[in-house]
Each structure stands twice: as structure tokens, then as C-alpha cells.
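Me: Could you take a close look at one part of this model for me, the place where the two chains meet? I would also like to know how far to trust it.

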Amino acid sequence: MTDKELIKKLNNLKNFQPDAASLKSNRDILFAQISNSSTTYNPGPFETFTMNFKNIFSSVYQPVLVMAGIVLFLGGGLIFGHDLINVNPSNSLYIAKVISEQARLGLIFNESAKEKMATDFAASHAQSIADALSSNSNVNSADLNTLSDSFKNEVSVLKTSAKKTAGYVAVKTPVSSSSTDKGDNVLVGIANSGKSDSGISIYNPAAPVANTNVCTSTVTDPSAMLDEAEKMFEAKNYSGAASKLKAVGDVLNK
Amino acid sequence: MSDKPISKLKEKNLFSRLKKKDKDAFIEAYDLYAADINRFIYFKVGSKEEANDLTSIVFLKTWDYVCNNSLVDSRTLRALLYKVARTSIIDYYREHHVVASIDDEENKIDVIDESQDIITQINLNSDVEMIKDKLPEIKAEYREILVMRFVNDLTMDEIADITGKSKVNIRVTIFRALKALKDLIEEKK
């Protein structure tokens with residue numbers, strides 16, 4: 001005989017039913033005995049709800065409860081995060097936006113994609129702070145200080161991101177030339193792979209370099225651009241800082 | 001099986017109401033557990049009449065306990081009822097100096113219910129016969145735990161709470177009890 005068979009035999013004893021009549025008569029006697037010693041307890045709707053909630057909460061296996069909480073947090077961040085996109089930093093819901101972004105970052109496992117998204121978020125934060133300061137004249141000095149600190153933090157985050165993602169960045173910039181080169185393009189290359197800082201090369205096969213009197217090599221180093229934006233911010237040129245940060249975001253995205 | 005969480009919640013709600021000394025909740029508890037408690041007592045004392053009397057005593061004692069205590073030390077209502085049942089049986093034996101149990105030849109187990117069909121009755125009868133013959137031969141501790149676990153479907157946590165032992169200890173005891181019972185049955189064959 002196996003354990004299973006033995007347990008099955010023991011389980012068969014569940015079929016034993018006590019005498020229903022005697023249980024019924026005992027019930028009546030018991031009811032009569034306890035009736036004098038107590039009253040009926042009638043909980044209100046709120047009390048019933050609290051009791052049910054407490055009992056459901058205590059019935060659920062704790063790790064399952066923790067997992068459900070995490071899923072709810074992340075899911076809520078994903079679902080409601082989009083509604084918070086246009087919330088500015090002076091709004092009390094701004095923290096919810098930041099949490100939602102953290103949740104979205106937490107769900108990305110690809111390092112480069114995560115880096116890109118973090119950069120986007122930091123750029124958008126910095127820009128929204130600059131926007132809030134430039135548009136809202138009613139900001140008091142305490143809020144101004146808080147937002148300025150936040151801006152500096154975001155810029156430092158962006159700088160860190162820029163250093164990490166720094167590599168070879170090539171952009172095409174139109175050249176304003178005085179003579180025959182009008183309309184041609186110059187390819188400006190910046191090598192910034194960390195190996196050498198002297199990797200700038202300008203290539204224009206159509207004309208000798210000496211003949212071009214102006215070469216507008218646009219600054220495309222994100223760190224330098226961020227420095228500029230920071231300087232503009234300190235000079236209270238908020239709109240200039242915002243547009244500069246937008247440009248930084250574009251460069252980093254490329 | 002699917003209604004297990006619901007019945008668990010129902011029991012918890014019942015226990016919460018009982019903590020407020022609600023007599024209706026107690027009567028509901030009686031309807032829910034009287035049969036289980038009666039069965040548990042019956043397999044300990046071996047007599048239907050005594051089991052009925054003791055069941056009544058157990059519920060009355062439990063009500064007294066509920067009225068005079070805050071019930072903070074009891075995990076579930078079921079565990080509380082079984083605890084009271086165990087002490088009531090011990091008290092009963094002390095008072096009456098009874099040594100009767102399932103193994104007594106005079107206390108024949110007669111658990112056949114007329115409402116059950118013949119095949120079930122035959123199966124039940126043979127299983128009960130086997131239990132009748134062999135259960136008394138194993139230790140009382142083993143017998144009690146086997147009944148609680150496999151006849152009355154108590155959880156390990158509840159058995160541990162009732163007996164005051166650890167879950168690991170209960171697991172080991174169940175394993176040993178099953179082995180002891182199996183050895184006895186196979187020995188006979």
C-alpha cells in the first residue's frame with residue numbers, strides 16, 4: 001500500500017456524518033444558553049468594508065501582495081504617466097511625472113535605449129524648468145531657487161549622459177561663403193571618442209580651404225552647449241537656455 | 001477547491017465578528033464546524049453519544065472563552081475550537097476515569113449513514129474497519145494528527161497552532177504516523 005492509497009482511505013472517513021438531529025437539538029440548546037449573555041453585533045457599512053479589507057489583506061500571501069504592489073506602481077506609472085507629460089515643475093503633480101519616468105526607465109533593460117531615454121527625460125526636465133521660469137512671472141523667490149537648483153541638477157545629469165554617449169558626432173552644416181562655394185555644403189566632423197581631442201576635420205573638395213573666408217563650424221559638443229545653456233540661465237536668459245537645451249537634446253538623440 | 005479562498009475569508013470575517021461577542025456569528029460557526037468537531041471527538045473517544053455530548057460542551061466552553069478573552073492569541077476560529085476540543089476531551093477522561101477509545105471492543109464504531117449509497121457504505125465500512133483495527137495501535141499523538149490532517153483537512157499551520165508544536169515537527173510527525181499505520185496494515189497482510 002502506498003502513502004497515497006493510505007491517505008485516500010483516511011480521506012474516506014470524511015464521509016462519516018454525525019447525527020444531524022442531535023446536532024440540531026444541541027444547536028437549539030446552545031442558542032438558548034448564549035442568548036442571555038450577548039447581543040447581536042450589527043456592523044455598519046464602513047465597519048464591514050474595513051473588516052473585509054483587513055481580512056482580504058491578511059489572507060493574501062505576503063510576497064504576492066508585494067508583487068501586486070510593484071506591478072500596480074509600474075503599471076500606474078505607464079498608464080497615467082502620459083497624462084503628466086505637460087505638467088510643469090511648479091505643479092504639485094510634477095513629482096508624479098518624475099516617478100512615472102523612473103518607472104518607465106525601470107522597465108527598459110537595453111542599456112543604450114535606457115541611456116537615450118534618460119537623456120531625453122533630463123533634457124525635457126531642464127527645458128521645462130527653463131520654460132516655467134521664462135513664462136511664469138509670478139514665481140516667488142523660494143520657488144525660483146528650487147527650480148534653479150533643479151535646473152542645475154538636470155544639467156549635470158545631462159552632462160554625465162553626454163560624456164557617456166560621446167562618440168563620433170557628424171553633422172552637416174550649411175556654409176555661408178562669399179564666392180563660388182555658395183550653396184555647397186561642408187562636412188564638419190568632430191572626433192570625440194576620448195582618444196584624442198584634436199580630431200576636427202573639415203572636408204570640402206570643391207574649393208581650397210584658404211579661399212573660404214568664413215567657415216561656420218557650429219558647436220556640436222553637447223558639453224560645451226550645456227555650458228552655454230547654463231551661462232544663459234545664470235544670465236536669466238531663460239528662453240535662450242531653453243532653445244539651447246532643445247538643441248542639446250537633438251544632438252544627443254542623433 | 002475554488003471556493004477555498006472564499007471560505008477562508010468567510011471564516012476570518014466570522015472570527016472578527018466573534019471578537020465583538022456576536023452570538024449570531026457564533027451560531028454560524030456552530031453550523032460550519034460542529035460536524036468537524038464532532039468527527040474529531042468521535043475518532044478520539046469512539047462513542048457517538050459521548051461525541052455528541054462533548055461537541056456541545058466544546059461549543060459552550062468556546063463561547064465562555066470568547067466572552068472572557070480578547071482572542072488575540074488565537075490565529076483562526078477553527079484552531080481555537082480544536083484547542084478547546086482537545087482540553088475538553090482530556091477533562092472528560094479525567095472526570096470520568098474513562099479509558100475508552102476506538103480500540104475498545106465494546107465501543108463498536110458504527111458510522112454508516114443510511115443516506116449514503118451501498119458502494120460508498122461498503123468502502124467506508126472497510127476503511128473504518130481498517131482504522132478501527134489499526135489506528136488504536138499507533139500512538140495517540142499520531143492518531144490525533146492523522147485525523148486532524150486527513151479527515152478534518154486542517155492545515156499544517158492550524159495543527160501546529162492547536163498542538164503547540166512547530167510546522168516542521170508536525171510534518172515529521174505526519175510522516176512517521178503514516179509510516180507507522182502503513183507498517184501495521186502491511187504486517188497484518
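Reply: Happy to, and let's begin with confidence: pLDDT is the predictor's confidence in each residue, from 0 to 100. This is a predicted model, in which local features need pLDDT of at least 70 and side-chain atom pairs count only at pLDDT 80 or more, while totals for chains, interfaces and linings use all residues. Residues are numbered from 1 along each chain as its sequence is written, chains are lettered from A and ligands numbered from 1 in the order in which they are written, and side-chain values use heavy atoms, with hydrogens and water left out.

Chain A has an average pLDDT of 70, and 68% of its residues score at least 70. Within chain A, confidence peaks in α2(A) at 87 and is lowest in strand β1 (residues 169–174), where the mean is 44; helices (H or I, at least four residues) and strands (E, at least two) are DSSP runs, numbered from the N terminus. Residues 168–197 of chain A stay under 50, and the model gives them 49 contacts beyond four places in sequence, a contact being heavy atoms within 4.5 Å. Residues 207–217 of chain A are also below 50, with 11 contacts beyond near neighbours in sequence. Where pLDDT is low, the predicted coordinates should not be read in detail.

Now to the interface itself. Chain A brings 37 residues to the contact and chain B brings 47. Together the two chains bury about 4200 Å², with 64% of it on carbon and sulfur atoms; buried area is the accessible area (1.4 Å probe) that two parts lose on being put together, summed over both. On the chain A side, L10(A), L13(A) and F16(A) lose the most area to chain B, together 17% of what that side buries.

There is a polar side to the story too. The two chains share 3 salt bridges, each a side-chain nitrogen of Lys or Arg within 4 Å of a carboxyl oxygen of Asp or Glu. K14(A) pairs with D153(B) in a salt bridge, their closest N and O atoms lying 3.0 Å apart. As for the elements involved, α1 (3–12), α2 (20–35) and α3 (45–59) of chain A each give two or more residues to the side that touches chain B. The largest share of that side, 9 residues, comes from α2(A). By type, the chain A side divides into 14 nonpolar, 17 polar and 6 charged residues, where Ala, Val, Leu, Ile, Met, Phe, Trp, Tyr, Cys and Pro count as nonpolar, Asp, Glu, Lys and Arg as charged, and the others, Gly among them, as polar.
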